[in-house]
Amino acid sequence: CNTACVTCGTDVDGYLYILDSWAKKEDPSKILDEMFETQRKHNPVEFGVEVVAFQKTLKFWMWERARQTGEFIPFKELKTDTRVTKDMRIKALVPYLESGTIMFPGTGPESLTGSMYQLYEELIQYPVGKRCDLVDALAYQLQLKNPARSAPKQKEPEDTLDAYIKQMEKGMAKRDRAGLPIIGRRTVRREYSTSVMVPSGS
């Protein structure tokens, strides 16, 4: 497993814009470097980290670096409900994907590169893909999402690759009808961006 991080911004209507993502299998010091780089780049109001044993050590290192550098990360522990499996958490994204309220940057899948394309690929391949690290980090964004906008009504998800591709295409089609790139179509509230990191092995 990789340590994965997804940063999102919102607009006035509560749409979720994926601004950045990364997934790495690195030692803790390099992961800490990535966290502080994400903080400097996006200045999220909350930086959620899934609660695991590694997170407790990471929190100590993070505070130690903050003391030394004066840089601060608005750390927020994301606790897992033992009644909610990773699969259930990820499938909670379905109504958002179906309604097109989760937006990727660019003009379509072909314009995505690097870890952003990896996130897209994980979404359309779930649950049969090899990895779901970035998708899980995206799913945790729902814990930080502005509660002013409620999720669209949940539909019973289909556990097929075709169903997930169809969900992604619905969001893309909604964007295409507007005739403009999704980033810039609305005013993204970057000042209310949030980052979520899921440590390796969770």
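**Reading the predicted model**

User: Which residue follows helix 1, and what is the sign of its phi?

Analyst: In this predicted model, helix 1 is followed by Asn43, with a positive phi near 45°. Asn43 belongs to the loop between helix 1 and strand 3.

User: What makes the phi of Asn43 worth reporting?

Analyst: Phi of Asn43 is near 45°, a positive value in a residue other than glycine. Most residues other than glycine have a negative phi, and most peptide bonds are trans. The second half of that rule has a counterpart here: the peptide bond from Tyr126 to Pro127 is cis, with omega near 10°. Pro127 sits in the loop between helix 5 and helix 6.

User: How do you know whether the length of helix 1 agrees with the expected span?

Analyst: Helix 1 (residues 28–42) has 15 residues, which at 1.5 Å a residue should span 21 Å. Its end C-alpha atoms are 21 Å apart, and therefore the two values agree. The reasoning carries over to helix 5 (residues 114–125): its 12 residues reach 16 Å from the first C-alpha to the last, close to the 16 Å expected.

User: Why are the buried residues of helix 1 placed on the same side?

Analyst: The buried residues of helix 1 are Ile31, Leu32, Met35, Phe36, Thr38, Gln39 and His42. They cover an arc of only 155° around the axis, so they lie on the same side of helix 1. For helix 5, the buried residues are Ser115, Met116, Leu119, Tyr120, Glu122, Leu123 and Ile124.

User: Why is Cys5 not paired in a disulfide?

Analyst: The cut-off for a disulfide is a sulfur-to-sulfur distance within 2.5 Å. From the sulfur of Cys5, the closest cysteine sulfur is that of Cys8, 9.4 Å away, which is too far for a bond. Cys8 is likewise in no disulfide, as its nearest cysteine sulfur, in Cys5, is 9.4 Å away. By this rule the count is 0 disulfides.

User: What makes Cys5 and Cys8 buried or exposed?

Analyst: A residue is called buried under 20% relative accessible area. Cys5 has 1% relative accessibility and therefore counts as buried. Cys8 also has a relative accessible area of 1%, so Cys8 is buried.

User: Is Leu112 to be called buried or exposed, and what does it touch?

Analyst: With 8% relative accessibility, Leu112 falls under the 20% limit and so counts as buried. Leu112 lies in the loop between strand 5 and helix 5. Not counting residues up to four places away in sequence, Leu112 touches Phe104, Pro105, Tyr117 and Tyr120.

User: Why is Pro109, in the loop between strand 5 and helix 5, called partly exposed?

Analyst: The partly exposed class lies between the 20% and 50% limits. Pro109 has 22% relative accessibility and therefore counts as partly exposed. Its C-alpha atom is separated by 7.5 Å from that of Tyr120, 11 residues apart along the chain.

User: What puts Val51 in its accessibility class, and where does it lie?

Analyst: Val51 has 26% relative accessibility, so Val51 counts as partly exposed. Val51 lies in the loop between strand 3 (46–50) and helix 2 (53–69). Leaving aside neighbours within four places in sequence, Val51 is in contact with Glu77, Leu78 and Lys79. The C-alpha atoms of Val51 and Val198, 147 residues apart along the chain, are separated by 8.5 Å.

User: What makes up the largest nonpolar core?

Analyst: The largest nonpolar core has 30 residues, of which Val6, Ile18, Leu93, Phe104, Leu119 and Leu138 touch the most other members. At least two residues each come from strand 1 (3–10), strand 2 (16–24), helix 4 (94–99), helix 5, helix 6 (133–144) and strand 6 (189–198). Helix 6 gives the most, with 7 residues. Another core lies apart from it, with 13 residues, among them Leu32, Met35, Phe47 and Ile73. In soluble globular proteins, nonpolar side chains tend to be buried together.

User: How many helices and strands does the chain have, and what share of its residues is buried?

Analyst: The chain has 7 helices and 6 strands, in the order β-β-α-β-α-β-α-α-β-α-α-α-β from the N terminus. Of its 202 residues, 47% are buried. Among contacts between residues at least 6 apart in sequence, 75% join residues at least 24 apart. The accessible surface comes to about 10,200 Å², with 51% belonging to carbon and sulfur atoms.

Technical notes: Residues numbered from 1 in each chain as written. Predicted model: local features only at pLDDT ≥ 70, side-chain atom pairs only at ≥ 80, totals over all residues. Heavy atoms only, no water. Buried < 20%, exposed > 50% of the residue type's maximum accessible area, 1.4 Å probe, protein only. Helix = DSSP H or I, 4+ residues; strand = E, 2+ residues; numbered from the N terminus. Expected span 1.5 Å × (residues − 1). Core = buried A, V, L, I, M, F, W, Y, C linked by side-chain atoms within 4.5 Å. Contact = heavy atoms within 4.5 Å. Areas by Shrake-Rupley, 256 points an atom, 1.4 Å probe, with all protein chains shown as cover. Arc of directions from axis to C-beta.
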